[in-house]
Structures are given as C-alpha cells and as structure tokens.
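Here is a short tour to read alongside the sequence and the coordinates. Keep the structure open in your viewer as you go, and turn it to each part when it comes up.

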Amino acid sequence: MKLQLDSLAEVCNCKSIILLFSLRCVTSAVGMIHVTGYVGREVNVSCSYDQSYVSHEKYLCKDDCGSDDVLITTSQASKTKYSIYDDNSTRIFTTIVFDLQSTDAGKYWCGVTRTGTDIYTEVNGMWVCCDTVTKVQSYEGYSESVSCPYESQYQNSLKYICRGNRPSTCLQQALITSDTKQNGRFRLDDDKVSGTFTVTINSLTRNDSGSYLCGVQRNSDVDVFSAVELEVEAPSTIICCQIVSKKLIYLIILKYCFSFNLTEWCCVNSTKRNGTAGNPLTLQCPYPPQHWDNRKFLCKGDHRNKCTDMVTSRSRFTLQDDAASSSFTVRITELEAADAGTYWCGSDSQWRVGNYTKIELSGMLDTFV
C-alpha cells in the first residue's frame, strides 16, 4: 500500500503535502492526531478524509507502514485486537484498538488507498500510559506528596510531573523536573535507592484538583508515565484552630463539638490514600508550628487510643520531619496488602483535638485501588 521513494524527485503529487522521512505523502485537514490510551483499556483513532475518497479503502498502519505493518482495513472491519468503521456522512473513519499494552505505543498512520501513492495522516505517537492510577485526597492549605516509582535502569534519567493526561506534551508543560527540584509550591525529590521520586505540593488550593502524569524521560523511546488523580477538598464547615491561645475559645469549641456529638471528628483532619502493592507510598502529616520539637508518630488501629506505632515497629516505615513546613512525612518503602487500614499521625501524645490526622488506606487482595 506504500510506495517506497528512492529519491526526492519522486515525491508524490498531492496538492498539499508534508514530507516525512522521504517515505510517504502525508496530508491532513486537521493536522497531526494526538492519541493517549491507558493499559488494559481501549482507544479510538479517528481520521478525516476528503469527499473524493468516500468510496476508497481506509486502513490503520504502524511504523514504516509496509505491507506487514497494516493492522486493519475497512475491507476487514474487525479483528481480535482492532475494529474499524467508516462514516461516509462525516468523512471520518475510526479504528478502535482494544486491550492496550505498553508495546502498543509508537508511530501510527491513517491511510487512504488510491492509485499511485496512498494518502497518510500521521498519528503523532500513540502514548500508552499507566498500569495504575493513584488517587490522592487532601485539603486546602495543606501540603501533599505524590510518589512516582520507576525502574532501576532510569536512575539517572530526567523525572518530571505535569497536569492533564496528554503524555505527548507533558515534558514541555512540566510543573517541575528533577533538574530544577524546586519551583514555587512544587518540590521534587528523587530517591534513586528506592527507585521513586516524590513531588510535594505546598499550600494546596481547590484548583490543584485534577489529573497529573509522572514522567521519566527515555531518550531512545517514548517516556514512561504513571497517573495520579488529586482531589483537594475545602476544610470542614466546623473550623478548629491548630493553635488555640485562649482557654476560653478552646472550651467554646469543645462545648460546640460535644453538643453535636462531634468530639471525635470535629477537629481531626481526615484523608484517604491508596497505592499499589509492591510500590512505595508517602504519607503527609501536618502539625501545629509550636510542636516542632515534639515527638512525631504514625500508628495503626481502628481507634486512636488503641493503635500500634508503625515507625518503631516496622522497618518499612521511615519518618522524616520538616519543621519549616510544620509537617512530617512517613514513607512506606514497599506496600503490602496487610497495610490497608486506619492510621493516625500526630505530634501530641495527649491526643488533643486539632493535633492529629486520620488516614484511611484502603486495599483489596494484593492491589490497592
């Protein structure tokens, strides 16, 4: 279906062309097509064509688009991996690629068969992203850390994070990279020993909610990505101050909480986290500034009065205090299914309201979802 060109003099006779790699005539009314899909799901590749080609055969091909690279044509509308549909009324044909795998990433072409050289529209890389999507929930004004694991061969590669879900433009729109490490509210720390880089976002706002991509640059291939969904919620309508300077105000708050049977929850920051078994996870725990010198802790149990200190009893749990941001982080180096449950982190052994955080870590079988 593709005419190999031996010289530039044989370049095809389209009215409007772009020459790529001196191999094919490429034309498109809408320009290059950007496609992003997720592992295990399906993705649509839609391509337009001119009215004069309504009755012509269309197809999707990959790489050099030789005869062995044609994946499906409109004359064979369905295969196990692909299906194709030509809508003559809109002059758009759509190919569906099922059960995406990382090996499906690469260069694709939409082709229209005609006498001489076929017409091609470039699919500017099919990006296949993310075996899992990590969901993170936090609150306005707090800091949150996003952990992004990577394989050992990428220790010295550039790491970055961007908003949205388009891998093809992620690096150009990166919020921060491992070269810059600090950019306003964003900080990137790369732990090459554990194979994880962590992005911390300070002073969260509702506008920070949305999709993010963690990226690792591969110079000779498409970059590697993992997906994150961040949800930032407004603080509770019942506001309890972290610092109470007057005992009278403190008593009024307690009386209000007792009257509505809210003593357990009115002044507790509650958050939900999830991750993937076998991967690391970082938990963020804020504390009142005056507790900078207090002992910090993370314990696990259904109730804060009956919980086990995880940092002192589990080697996989490590605590790092950042007094400058009035918060500490606990890093779990390798999640296990048994790690699911309720955690409490704080800086006050007396468990005063407003001085601790409840974290729900949910999981199912060997994978956290």
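## The chain as a whole

A residue is called buried here when its relative accessible area is under 20%, and exposed when that area is over 50%, with partly exposed in between. By that cut-off, 46% of the 369 residues in the chain are buried. Please bear in mind that this is a predicted model.

Strands abound in the secondary structure: the chain has 27 of them, alongside 2 helices. Of the contacts between residues with a separation of 6 or more, 63% involve partners 24 or more positions apart.

## How confident the prediction is

The mean pLDDT of the chain is 77, and 76% of the residues reach 70 or more. Two stretches call for care. Over residues 1-30 the pLDDT is below 50, and this stretch has 60 contacts in the model beyond near neighbours in sequence. Residues 236-267 also stay under 50 in pLDDT, with 34 contacts beyond four places in sequence.

## Strands E4 and E8

Let's begin the closer look with strand E4, residues 43-48. Val 43, Val 45 and Cys 47 make up the covered face of E4, while Asn 44, Ser 46 and Ser 48 form the uncovered one. The pairing partner of E4 is strand E8 (residues 92-97); the two are antiparallel and share 6 bridges. To find the register, look for Val 45, which stands opposite Thr 95 in E8.

Just past E8 there is a backbone detail to check. Asp 99 is in the loop between E8 and strand E9 (106-112). Its phi is near 45°, a positive value in a residue other than glycine. Asp 99 counts as partly exposed because its relative accessibility is 44%.

## Strand E9 and its partner E5

On the other side of that loop comes E9. Of the 7 residues of E9, 6 are buried, so this strand is largely enclosed by the rest of the structure. Strand E5 (residues 58-62) runs antiparallel to E9 and is joined to it by 5 bridges. Within this pair, Tyr 59 has Gly 111 of E9 as its bridge partner.

## An open four-stranded sheet

Next, find the open sheet of 4 strands, ordered E12-E17-E16-E15 with antiparallel pairing. Its edges are strand E12 (144-149) and strand E15 (182-183), each of which pairs on one side only. Inside the sheet, strand E16 (residues 186-191) and strand E17 (residues 196-201) run antiparallel, with 6 bridges joining them. One position to look up in this pair is Asp 190, whose bridge partner in E17 is Phe 197.

## The loop after E17

Which residues does Asn 202 touch, leaving aside those up to four places away in sequence? They are Tyr 142, Ser 143 and Arg 185. Asn 202 itself is found in the loop between E17 and strand E18 (210-216). Its C-alpha atom is 8.5 Å from that of Arg 187, a residue 15 positions away along the chain.

Ser 203 lies in this loop between E17 and E18 as well. Its phi is near 50°, a positive value in a residue other than glycine. With a relative accessible area of 44%, Ser 203 is partly exposed.

## Strand E11 and the cavity

Thr 134 has its place in strand E11. At 18% relative accessibility, Thr 134 falls under the 20% cut-off and therefore counts as buried. Beyond four places in sequence, Thr 134 touches Ala 227, Val 228, Glu 229 and Asn 274.

E11 (133-139) also helps to line the largest cavity: together with strand E20 (269-273) and strand E21 (281-286), it is one of the strands that each supply at least two residues of the lining. How many cavities of 30 Å³ or more are there? The count comes to 1. The volume of the largest cavity is about 70 Å³. Its lining consists of Ser 138, Tyr 139, Tyr 142, Ser 143, Glu 144, Asn 269, Thr 271, Gln 284, Pro 286 and Thr 357. Sorted by class, the lining has 3 nonpolar, 6 polar and 1 charged residues. Tyr 142 and Ser 143, among the lining residues, are also among those that Asn 202 touches.

Terms used
Residues are numbered from 1 along each chain as its sequence is written. This is a predicted model: local features need pLDDT of at least 70, side-chain atom pairs count only at pLDDT 80 or more; totals for chains, interfaces and linings use all residues. Side-chain values use heavy atoms; hydrogens and water are left out. Buried means under 20% relative accessible area, exposed over 50%, partly exposed in between (1.4 Å probe, protein chains only). Two strands pair if DSSP finds at least two bridges between them. pLDDT is the predictor's confidence in each residue, from 0 to 100. Contact means heavy atoms within 4.5 Å. On a 1 Å grid over the protein atoms alone, a cavity is a set of points where a 1.4 Å probe fits but cannot get out, and a pocket is an open set with protein on both sides within 12 Å along at least five of seven lines; lining residues have an atom within 4 Å of a point. Grid points are joined across faces, edges and corners, and a volume is the space filled by probe spheres set on the points. Ala, Val, Leu, Ile, Met, Phe, Trp, Tyr, Cys and Pro count as nonpolar, Asp, Glu, Lys and Arg as charged, and the others, Gly among them, as polar.
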